[in-house]
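Student: I would like to check some labels against their definitions. Can we take them in turn?

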Amino acid sequence: MEDVLSVYARPFDPKRSQVCFDEKLVQLIAEKRRPLPGKAGQPERYDYEYKRNGTRNLFMFFQPLAGWRHVLVTERRTKIDYAETMRYLVDELFPDAEVIVVVQDNLNTHTPASLYEAFEPEEAKRILDRLEFHYTPKHGSWLNMVEIEIGVLTEQCLDDRIPDETSLKRSIAAWETVRNEQKATVNWTFDVAAARNKLQRLYPNISKSSC
């Protein structure tokens, strides 16, 4: 926990970009019947029946210190997809950074081994040499700031039925543009000192000294 919180305390450095990373599964849902248009005193009405059109995975990158985020839509979230996403992060999103500091959870695909499974050893090492991984504790994924941003995305962009991948990408791109123009970020106040004060059960020596 303190490792992640220490990362958050680092100042902004374009050569050592800090990126919080996570993923979310989205259900594609189409209408079976055309919605009834709204009229005075009555909102647009939708039928309770719908058609399932499969799912898509969202990989989100969030840079709190810059107020920037990007969402990548994929069909799956396998080890190969994760590896390709890390290559995309290094080569496309932050090509000029010396190191990209990545905060992520302990999902079994989020490992260097995934890159060696996807690429030749030389390519896997090239990518990993540009990455510095920091993992949230088990059952502590709430420490990843990107989860807050995914919550905002869900509330502002994914609360209506989205029928297909094209519509999903279009909706997310519009949301992403507005948020990035606003440089919206997270007001994170939970630091190492707060952790030691509020979670004393995790610090036996502090608990004893306060008795």
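Student: What kind of crossing does α5 make as it passes α6?
Tutor: A right-handed one. The name is given when the near helix is turned clockwise from the far one by less than a right angle, and left-handed is the anticlockwise case. This is a predicted model, in which local features need pLDDT of at least 70 and side-chain atom pairs count only at pLDDT 80 or more, while totals for chains, interfaces and linings use all residues. Residues are numbered from 1 along each chain as its sequence is written, and side-chain values use heavy atoms, leaving out hydrogens and water.

Student: Why are α5 and α6 called oblique to each other?
Tutor: Their axes cross at roughly 120° and come within 11 Å. Angles under 35 degrees are roughly parallel, over 145 roughly antiparallel, 65 to 115 roughly perpendicular, and the rest oblique. The α5 and α6 pair falls in that last class, and is therefore oblique.

Student: Which residues of α5 and α6 meet?
Tutor: Glu149, Val152, Leu153, Gln156 and Cys157 in α5 meet Ser171, Ile172, Trp175 and Arg179 in α6; contact means heavy atoms within 4.5 Å. These residues divide into 5 nonpolar, 2 polar and 2 charged.

Student: What angle do α2 and α4 make, and how far apart are their axes?
Tutor: Helix α2 (residues 79-93) and helix α4 (residues 121-128) pack at about 60°, with axes 10 Å apart. That angle also belongs to none of the named ranges, and the two are therefore oblique. The crossing of α2 past α4 is left-handed. Met86, Arg87, Val90 and Asp91 in α2 meet Glu123, Arg126 and Ile127 in α4. The contact holds 3 nonpolar, no polar and 4 charged residues.

Student: How do you know whether leucine 128 is buried or exposed?
Tutor: The relative accessible area of leucine 128 is 15%. Buried means under 20%, exposed over 50%, and partly exposed in between (1.4 Å probe, protein chains only). Leucine 128 is therefore buried. This residue is in helix α4 and touches Pro112, Leu115, Tyr116 and Phe133, not counting residues up to four places away in sequence.

Student: Which class does histidine 139 fall in, buried or exposed?
Tutor: Histidine 139 has 73% relative accessibility, so it counts as exposed. It is found in the loop between β5 (131-135) and α5. Its phi is positive, about 65°, although it is not a glycine. Most residues other than glycine have a negative phi.

Student: What are the values for lysine 183?
Tutor: A relative accessible area of 57% makes lysine 183 exposed. Lysine 183 lies in the loop between α6 and α7, and its phi is about 55°, also positive in a residue that is not a glycine.

Student: What makes a set of residues a nonpolar core?
Tutor: Its members are buried Ala, Val, Leu, Ile, Met, Phe, Trp, Tyr and Cys residues joined through side-chain atoms within 4.5 Å. The largest one here has 33 residues, of which Leu58, Leu153, Leu158, Leu168 and Ile172 touch the most other members. The element giving the most to this core is α5, with 5 residues.

Student: How many helices and strands does the protein chain have?
Tutor: The protein chain has 8 helices and 5 strands, taken as DSSP runs (helices H or I, at least four residues; strands E, at least two). Buried residues make up 41% of its 211 residues.

Conventions. Axes fitted to C-alpha atoms, helices over the stretch in contact; angles between N-to-C directions. Nonpolar A, V, L, I, M, F, W, Y, C, P; charged D, E, K, R; others polar.
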